[in-house]
Amino acid sequence: MIGTATVSADETCQSPYMPKIAGQEDYVYIWTLGVEGWGDEQDKLVTIDVDPSSPHYGEVVDTESVGGRNEAHHAGFTDDRRHLWAGGLDSNEIFIFDVHSDPGDPELKKVITDFTKESGGAVGPHTFYALPGRMMVSALSNNESHGGKTALVEYTNDGEYVDTYWHPTHENPRGAEISGEYADGFGYDIRAMPRRNAMFTSSFTG
């Protein structure tokens, strides 16, 4: 007889400001790349039923296309898990889906089309990280040099621009204490440790 074991996993990549999910999830959301010659060729949010008791278990139950190919990459929930933010690295557009009203049939509620203009030049919205009532977006570069110097861009959960925080460099530390060899202004990802009142970013794209 072969035994079975129950396995659980922690959401280590999610923000600590989000409520954790306990027990079985009903749906998985996948932010997918549009491919020329396949279907409608658009990036889309794909919803899969993952409830083992459902007659549609393991099946795609909904797709929500966004009107083009934007190089879909990462997505992230708001702190209340009511909305899923997803970005296009090429188009610099951000798509906000309502996944709360009808979890099995998400709806595209808003498209942020002025990310670069509002942020003052950030490009490539990469990571969407939930803060209390806010969404912090890490960008991959800037529209002036395209060399990797970049910023974090803050929005409200409703998609209203709040502020831009450019990464420090040796030439312009922006008030930061430089303790290591590199202060290159590059960026990639975000994590927070509330008990230390600290947010961490990684440097990759340069």
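Two residues are in contact, in the sense used on this tour, when they have heavy atoms within 4.5 Å. With that in mind, and remembering that the structure on screen is a predicted model, begin by selecting Leu-84, which touches Tyr-29, Leu-45, Ala-75, Gly-76, Phe-77, Phe-95, Ile-96, Phe-97 and Val-99, once residues up to four places away in sequence are set aside.

Next, widen the selection to the core around this residue. Leu-84 belongs to the largest nonpolar core, which has 13 residues, and it is listed with Tyr-29, Trp-31, Phe-77, Phe-97 and Val-99 among those with the most contacts inside that core. If you colour the strands β1 (27–32), β4 (72–77), β5 (83–88) and β6 (94–98), you will have marked elements that each supply at least two residues of this core. A second core, separate from this one, is made of twelve residues and includes Ile-112, Ala-122, Phe-128 and Ala-139. As a general background to both stops, nonpolar side chains in soluble globular proteins tend to be buried together.

From the cores, turn to the surface and select Leu-33, Val-35 and Trp-38, which form a nonpolar patch with about 350 Å² of accessible area together. Val-35 sits in the loop between β1 and β2 (44–49), and it counts as partly exposed because its relative accessibility is 36%.

Now move to Lys-44, a residue of strand β2. Is Lys-44 buried or exposed? Lys-44 counts as buried, because its relative accessibility is 15%, under the limit of 20%. Show its side chain, and you will find that it reaches the backbone oxygen of Gln-42 at 2.9 Å, while Lys-44 also forms a salt bridge with Asp-40, with the closest N and O atoms 2.8 Å apart. Asp-40, the partner in this pair, is partly exposed at 37% relative accessibility. Apart from residues up to four places away in sequence, Lys-44 touches Ile-30, Trp-31, Thr-32, Thr-63, Glu-64 and Ser-65.

The pair just visited is a salt bridge, and the structure holds seven salt bridges. In general terms, side chains of opposite charge can pair when their charged atoms come close. For another example, select Glu-41 and Arg-69, whose closest N and O atoms are 3.7 Å apart; this pair links distant parts of the chain, since Glu-41 lies in the loop between β1 and β2 and Arg-69 in the loop between β3 (60–65) and β4, 28 residues apart. Glu-41 is partly exposed at 30% relative accessible area, and Arg-69 is partly exposed at 44%. Add Glu-36 to the selection, and you have a network of salt bridges linking Glu-36, Glu-41 and Arg-69. A further salt bridge joins the side chains of Asp-80 and Arg-82, at 3.9 Å from N to O.

Then select Ser-138 in strand β9 (residues 134–142), a residue that is buried, with a relative accessible area of 2%. Which backbone oxygen lies 2.9 Å from a polar atom of the side chain of Ser-138? The backbone oxygen belongs to Tyr-188. Beyond its neighbours within four places in sequence, the contacts of Ser-138 include Gly-124, Pro-125, His-126, Ala-151, Leu-152 and Ile-190.

Finish at Gly-180, in the loop between β11 (161–166) and β12 (190–193), where the residue is partly exposed at a relative accessible area of 46%. A distance drawn from its C-alpha to that of Phe-200 spans 15 Å, and these two residues are 20 residues apart in sequence.

Conventions:
Residues numbered from 1 in each chain as written. Predicted model: local features only at pLDDT ≥ 70, side-chain atom pairs only at ≥ 80, totals over all residues. Heavy atoms only, no water. Core = buried A, V, L, I, M, F, W, Y, C linked by side-chain atoms within 4.5 Å. Buried < 20%, exposed > 50% of the residue type's maximum accessible area, 1.4 Å probe, protein only. Helix = DSSP H or I, 4+ residues; strand = E, 2+ residues; numbered from the N terminus. Patch = residues over 30% accessible without salt bridge, like charges linked within 9 Å, V, L, I, M, F, W, Y side chains within 5 Å. Areas by Shrake-Rupley, 256 points an atom, 1.4 Å probe, with all protein chains shown as cover. Salt bridge = Lys/Arg side-chain N within 4 Å of Asp/Glu carboxyl O. Polar contact = N/O pair within 3.5 Å; in protein donor to acceptor, adjacent residues only side chain to side chain.
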